[in-house]
Amino acid sequence: MKNRFPILIKKLAYPFAVQVQLVRALCCLHNIIRIIGGDDIFDEKWNENYDDGNEDNDNMDDTRVSSKAITTAQVNQAKAIRENIATKMWSQYIRHRDS
């Protein structure tokens, strides 16, 4: 998580409640990335460290996020939702910056 989201390493100047929400949101994003594709360098490193057949990792099976096949329509729907969120965030940022 800290490799994927370096903000988790830094000392944050946000209220504690915001920090809690940030961590929760990043955990959700991390899980979504793992479910939808998870083919980036962070997942490769994860697989090297935890999918080595070591018996000590057997108790981790309950906590792992598994990948599942998704349809092209679901991918397109997710992209549209993501684009909509990004557009709204950008508009909000511009309004805040200019005020």
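**Exercise 1. Rank the elements by confidence: which has the lowest mean pLDDT and which the highest?**

Solution. Among the elements of the chain, helix H2 (residues 41-50) has the lowest mean pLDDT, 67. Helix H3 (residues 72-98) has the highest, 87. Here pLDDT is the predictor's confidence in each residue, from 0 to 100. Helices are DSSP runs of H or I with at least four residues, strands are runs of E with at least two, and both are numbered from the N terminus. Next, take the whole chain: the average pLDDT is 77, and 71% of the residues score at least 70. Where pLDDT is low, the predicted coordinates should not be read in detail.

This is a predicted model: local features need pLDDT of at least 70, side-chain atom pairs count only at pLDDT 80 or more, and totals for chains, interfaces and linings use all residues. Residues are numbered from 1 along each chain as its sequence is written, and side-chain values use heavy atoms, leaving out hydrogens and water.

**Exercise 2. Describe the chain as a whole: how many helices and strands are there, and what share of residues is buried?**

Solution. Count the elements: three helices and zero strands. From the N terminus on, their order is α-α-α. Then check burial (buried is under 20% relative accessible area, exposed over 50%, partly exposed in between; 1.4 Å probe, protein chains only). Buried residues make up 8% of the 99 residues.

**Exercise 3. Place Arg-4: where does Arg-4 lie, and is Arg-4 buried or exposed?**

Solution. Arg-4 sits in the segment before helix H1 (16-36). Its relative accessible area is 12%, so Arg-4 is buried. Now look for a partner. The side chains of Arg-4 and His-30 are joined by a polar contact of 3.2 Å.

**Exercise 4. Classify the aromatic pair: what is the geometry of Trp-90 and Tyr-93?**

Solution. The structure holds one aromatic pair. Trp-90 and Tyr-93 form this pair, at 5.3 Å centre to centre with 35° between the planes. The pair is tilted. For the rule, rings of Phe, Tyr and Trp (its six-membered ring) pair if their centres lie within 6.5 Å; planes under 30 degrees apart count as stacked, over 60 as edge-to-face and the rest as tilted. Both residues lie in helix H3, three residues apart, about one turn of the helix. Trp-90 has 54% relative accessibility, so Trp-90 counts as exposed. Tyr-93, at 41%, is partly exposed.

Notes. Polar contact = N/O pair within 3.5 Å; in protein donor to acceptor, adjacent residues only side chain to side chain.
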